[in-house]
Structure formats: C-alpha cells, structure tokens
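Got the viewer open? Let's take a walk through this one, selection by selection.

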Amino acid sequence: MTDTLVRPIQLLVVDDHSLFRRGLMALLSQDPRFEVTCEAGDVGEALRCVARQRPDVILLDNHLPGVLGVDAIPALREAAPGSRVLMLTVSENEADLVAALKAGADGYLLKTVESHHLCEAIVKVMEGESVVSPEMTTKLVSALRAQPAANGDAADAPVATATADAELASLSVRELEILHLIARGDSNKHIARQLDIAETTVKIHVQHILRKLHLTSRVQAAVFAARHAS
C-alpha cells in the first residue's frame with residue numbers, strides 16, 4: 001500500500017445538482033480508500049470548504065451557478081495549493097477540456113464514467129498522474145494538433161524534436177503501434193482485441209512506452225504522440 005493510501009483520501013464534491021452530488025458521495029463513501037469531508041453546490045461554498053478542510057482531491061463539475069468550474073480552478077488551487085482537481089462533467093466540448101487542463105486540472109472525466117474507473121482515477125490523480133476519459137483523449141489530441149507552436153518555444157523546437165525522435169526510435173514496432181492507439185483514445189481492452197494479444201501484454205507494453213518516453217500517464221503519452229508521432 002502506498003503512503004498516499006495510509007489514510008483515506010479526503011474528497012470535496014462540487015456539483016450544483018444535489019441528487020447527483022449526494023448519490024456520488026454515497027457511492028464514494030462505500031470505498032474505504034475515500035472520505036468525503038465536504039460538499040458544495042457552488043464556487044463560494046467550494047472555496048469555504050477548501051479553506052476549512054484542505055481536501056486531497058476536489059471533484060469539480062463544470063456547469064455551476066454563475067461560473068464555469070474551469071474558471072474556478074485557479075481560485076481553488078490558490079486556496080489549497082496541495083489539493084488535486086478532477087473535473088467530473090457532462091461537457092464533451094474539447095475547448096472545456098483544454099481550458100480545464102490549462103487552468104491546472106489534474107484530470108477530466110465524463111459523468112458517464114463507470115464507478116470503478118472513477119475510483120481508480122481518483123487514486124491516480126492523488127498519486128500525481130493525469131487522467132482523461134478515453135472519449136476525450138482523442139479530442140485532446142486533435143486540439144493539440146490544431147494548435148500552432150508558441151513563439152517562445154521556437155528556439156527550443158529543434159532540440160525538443162531531436163530528443164523526441166530519439167525517444168521514439170527507442171520504441172519497438174509493437175510499442176509504436178500501441179502508442180498510436182493510445183493517442184486515438186483506445187483502452188487496453190480495445191487495443192488487446194485489435195492486436196489479438198492479451199490485455200496484460202498491452203499493460204506491459206504501455207509501461208515500457210511510458211518508461212522509454214519518460215512519461216507518467218497515458219494522457220501524457222497521447223499528448224506526446226500528437227506532437228511528435230503523428
């Protein structure tokens with residue numbers, strides 16, 4: 001058991017729909033890894049909860065009264081710099097996804113996520129990983145491909161490209177194949193079916209890919225593929 005799980009992960013649930021919020025709290029409370037210490041229906045309540053409870057992870061809806069959740073992220077992070085922010089929303093808009101990540105969100109999940117996937121995502125975010133719903137990974141990759149390089153990065157571009165090329169060259173043909181499927185948003189199960197290999201084999205390949213590319217999550221791998229392996 002990791003140090004982050006010695007005590008329950010302290011959660012703040014922010015959602016203006018009380019029925020959904022209470023249902024989510026009841027669901028999470030059944031898992032001994034979590035403790036919901038506060039709930040909020042708007043940003044004002046959320047900021048008061050953050051100041052009082054200092055939660056480990058904030059589950060944040062995007063559509064809140066008077067303000068978008070993504071716009072509240074900077075204030076929430078300022079109030080509790082150590083807290084992780086995991087967006088949990090119905091918005092499949094890639095602009096909302098990119099805005100949330102740029103604002104400092106540690107993850108972006110759709111409310112259609114399966115409960116066990118949500119629980120695992122919370123743990124991953126707590127451990128420093130970034131998580132994005134598979135359905136949104138493809139949109140994130142498309143958005144990044146559409147963005148021109150920033151002017152400030154122009155001087156460093158050749159070095160970054162050379163480094164990326166060297167890292168890609170370290171991947172096997174199978175690992176490159178899996179990297180492209182990750183960028184497409186495919187899950188390990190879908191990748192296993194498509195390549196006719198065991199899901200455990202896919203997991204091992206993914207671990208090798210992350211290690212060789214010096215990355216920590218599938219989201220980072222998808223972003224890397226969008227920028228350097230397209």
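Start by selecting Ile58. Leaving out residues up to four places away in sequence, Ile58 touches Leu12, Val14, Val50, Leu76, Ser83, Arg84, Val85 and Leu86. Keep in mind as you click around that this is a predicted model.

Now widen the selection to the core around it. Ile58 is among the residues with the most contacts inside the largest nonpolar core, together with Leu12, Val14, Leu60 and Met87. That core has 30 residues. There is also a second, separate core, with 23 residues; to find it, pick Val141, Leu210, Leu213 and Ala222, which are included in it.

Next stop: empty space. Rolling a probe the size of a water molecule over the atoms shows where such space is left. How many cavities of 30 Å³ or more does the count come to? Just one, and the largest cavity has a volume of about 30 Å³. To see its walls, select Val13, Val14, Asp15, Phe20, Leu24, Leu59, Leu60, Asp61 and Leu88. Colour them by type and you get seven nonpolar residues, two charged and no polar. Show the cartoon as well: β1 (9-14), α1 (18-29) and β3 (57-60) each supply at least two residues of this lining. Val14 and Leu60, which you have just picked as part of the lining, are also on the list of residues with the most contacts inside the largest core.

Jump along to Ser133, in the loop between β8 (131-132) and α6 (134-146). Is Ser133 buried or exposed? It is buried, because its relative accessible area is 3%, under the 20% cut-off. Show its surroundings and, setting aside neighbours within four places in sequence, you'll find Ser133 in contact with Tyr108, Leu109 and Leu110.

For a contrasting view, go to Arg227 in helix α11 (residues 218-228). Arg227 counts as exposed because its relative accessible area is 57%, over the 50% cut-off. Draw a distance from its C-alpha atom to that of Ala164: the two are 63 residues apart along the chain, with 9.2 Å between those atoms.

Finally, zoom out to the whole chain. You should see eleven helices and eight strands. Of the 230 residues, 45% count as buried. Turn on the surface and the chain exposes about 11,600 Å², with carbon and sulfur atoms supplying 54% of it. As for contacts with a separation of 6 or more, 67% are between residues 24 or more positions apart.

Technical notes: Residues numbered from 1 in each chain as written. Predicted model: local features only at pLDDT ≥ 70, side-chain atom pairs only at ≥ 80, totals over all residues. Heavy atoms only, no water. Helix = DSSP H or I, 4+ residues; strand = E, 2+ residues; numbered from the N terminus. Buried < 20%, exposed > 50% of the residue type's maximum accessible area, 1.4 Å probe, protein only. Contact = heavy atoms within 4.5 Å. Areas by Shrake-Rupley, 256 points an atom, 1.4 Å probe, with all protein chains shown as cover. Core = buried A, V, L, I, M, F, W, Y, C linked by side-chain atoms within 4.5 Å. 1 Å grid on protein atoms, 1.4 Å probe; cavity = no way out; pocket = protein on both sides within 12 Å on 5 of 7 lines; lining within 4 Å. Points joined across faces, edges and corners; volume = space filled by probe spheres on them. Nonpolar A, V, L, I, M, F, W, Y, C, P; charged D, E, K, R; others polar.
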